[in-house]
Amino acid sequence: MNRFFPLPSLGRVRPEPVLLLLTAFALAAGGVARLGGEQGLADLLWALGTVVAIVPAVGWVLSALHRGHAGVDLIAVLALGGTLAVREYLAGALIALMLATGRTLETAARRRAARDLRALSEHAPAAARRRTADGVCEIPVGEVVPGDLLVVGPGEVVPVDGRLEGTVAELDESVLTGESLHVRRTAGEDVRSGAANAGSAFELRATANARDSTYAGIVRLARDAGAERAPVVRLADRYAAWFLPLTLVVAGLAWLLSGSAVRAVAVLVVATPCPLLLAAPVAVVSGISRASRRGVVVRDGGALENLGRARTLLLDKTGTLTGGRPRVLDVVAAPGGRPAEVLRLAASVDQYSPHVLAGTIVGAARERGLVLSVPTGVSEEPGRGATGVADGRAVSVGRPDVPDLPGWARTVENRVLLDGAAVAWLAVDGRMEGAVVLGDPLRRDAPRTLRRLREAGIERLTMLTGDRPEPAREVGTVLGLDDVRAGLDPVGKAAAVRAERERAVTVMVGDGVNDAPALAAADVGVAMGARGSTASSQAADVVLTADRLDRLADAVLIAVRARRIAVQSALGGMLLSLAAMAAAASGLLPPAPGALLQEAIDVAVILNALRALRVPPAARPVLSAGAEALVHRFAAEHDDLQSVLAAVRAAADALADGPGPRALAAVEEAYRLLSERLLPHEHAEEHRLYPAIAPSLGGPEATATMSRAHTEIDHLTQRVAAHLRLAHTEGGLSEGQLDDLRACLYGLHGVLRLHFAQEESYFSLAE
């Protein structure tokens, strides 16, 4: 053991700073010796600095040869060796310092760019607290099994995926989604591992072990990204393929034509390609780091590079363009019935059904504030639905048990067929009383995301789906897609991807097991990883860890920007080097000044490459906190107002049977809902929401079209009111009123649907 001072741990010593220190010392010491008149000592010190650098440089060249390519490090080795051969020791020392500085900058940049990926692994909890009959004990996270009841304390990280038990949890999901705002989860909701508890302690029922949980998958992807980072140099290698032989040719011609080996060495000195060695990889890895902060895990630099030059984007429908979860789209009551009562009875029986659609129906009823009955004698027949007794009546929910559907039901069936939706029929005491229409609607952020993708350079957007052609084409029309391929199985999707790859660099986006072959076949596979399958995530090159489609546009924009900066840095540095090479070949730039010039070029292009770490300008408008709260409020009200739209449609349908008391009652109910619920909502939007979001959208003109829709809604509602006043004066609806009143109601229903759909773009700003 050394008595005088402790030796540093060799495992912690980084070679790059040591190389930088030695070469800088050799250059400085040689300069001092030169100033002191000791030319021999100065040359010796500079030569030693050159030798110190040439040893690792030879190692880099041999490593590149082992991987199957010469690489641009060869120029640096030739330049260092050339300075020794022609006794240009000062130039050699300058090149050595340049090489050491570049490698140190590269290491520092990579450490900074990769800190977000490393933070993922450091964030993963090592232990969990399990509650048993004997109390709470701490166990290794690997010992957690599904069904365990866990306790998550304030500030702790959720160790595994689970379901919240018995309380409300406030969570920080920024590591998963990139969003800084806390989210609230209520009892029964799913909670993903990796979220941090930002409130009081809560209990969690584990639904997966640590290995199969969300966060473990993200960490594995991050580690893969680190392990597979070598492909980031592919961009540099393509340029080096012609830059390396060009440099050797220019150096050889300079020597041949001038007879001076010094000129050849000068060419090699200024051609030492640190812009290629460092700038392109630094820019691409910085892009990977930037993407990780937005909830996008990119496996390697090759994937980011391909994403940045993609021109074709293929998307799955279910779970990608749509939410992947069924929702109640409409509730239809038989003539004389009320949609709210249909939903309430259906949900009452479905409380005990395990079917996925049953949970959706129950959730919709509770969201609308309906009081559910406690059913008895509930039974479930696979493929038929649930039956039971609610409020003393025999209720069945599912497929109809009658040979012939009534006229109103046939109308619903046709709508369901055209929309590609599902329907749960309600029968009470053996009589058809209503229907609940369910579907998987488009994501709110889908239209905005696709517009941003086109702005980023995507020229062709195509949907690949196993769904029927009719609903698939409807989605394609709404989103303005260039092509729709329907009825595809996994093999068909993979074949479509391969066909598109022949025309352009292609990205495939999906979320299910059936998408895995297509993801693997694409140039870049992107998996919706928040709720997607493990198979799709494993087959993908890019994983969106948040269940948000707009993160796809973020990833493409980041990739485009990182690749542009990488190309700028590499090409800009090489053009400057080519100009310096011409000056060196003609004898205007000796080796030592050339080395100083090249050092300045290197620093400039590396600093430019680091711009990829900066946050680009906001891709979407930024809302104030108050405006964002209003957006959330009105978005929730939209869901509640779906029953009003259903009542308007039902009133219009009721007029088809003539101007009887039933039709009048339906119109009166629709008008009551319009005046008591919908119009106050629209007026509040006009006077509170739109003024709040207008500054972020560029001014009041951005919401002018939506305000015009409010005017039309008011106008049509007042026209319905005028018809009702006339009917009350005349003792009922007349035949002469039917056509105009039906047109008003159908027109109002259409305007409301379009208006609600347009406002989804505003609501997506706060997601």
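Two strands pair if DSSP finds at least two bridges between them. Helices (H or I, at least four residues) and strands (E, at least two) are themselves DSSP runs, numbered from the N terminus. The model is a predicted one, so to speak of local features takes a pLDDT of at least 70, side-chain atom pairs count only at pLDDT 80 or more, and totals for chains, interfaces and linings use all residues. Residues are numbered from 1 along each chain as its sequence is written, and side-chain values use heavy atoms, with hydrogens and water left out.

Strand E9 (residues 202–206) makes a handy starting point. Strand E3 (residues 149–152) runs antiparallel to E9, joined by four bridges, and Val 151 stands opposite Glu 203. Strand E4 (residues 162–165) also pairs with E9 in the antiparallel sense, again over four bridges, with Arg 163 as the bridge partner of Arg 205. In a regular strand the side chains alternate between the two faces of the sheet. Along E9, Phe 202, Leu 204 and Ala 206 point to one face and are buried (under 20% relative accessible area, 1.4 Å probe, protein chains only; exposed is over 50%, partly exposed in between). Glu 203 and Arg 205 point to the other face and are not buried.

Helix H17 (residues 469–479) has its own buried set: Pro 471, Ala 472, Val 475, Gly 476 and Leu 479. Seen down the axis, these fall within an arc of 140° (taken from the directions from the helix axis to the C-beta atoms), so they line one face of H17. Thr 477 and Val 478 are exposed on the face turned away from that buried side. The cover over the buried residues includes helices H12, H15 and H16 and strands E18 and E19. Just after H17 comes Gly 480, with a positive phi near 70°.

Next, the nonpolar cores, meaning sets of buried Ala, Val, Leu, Ile, Met, Phe, Trp, Tyr and Cys residues joined through side-chain atoms within 4.5 Å. The largest has 47 residues, of which Leu 313 and Leu 552 touch the most other members. Helix H21 (residues 550–585) gives the most to this core, with 10 residues. Apart from it lies another core, of 42 residues, among them Ala 93 and Val 267.

As for confidence, pLDDT is the predictor's own score for each residue, from 0 to 100. The chain's mean is 80, and 85% of its residues reach 70 or more. Over residues 1–11, pLDDT is below 50. Where pLDDT is low, the predicted coordinates should not be read in detail.

Terms used. Contact means heavy atoms within 4.5 Å.
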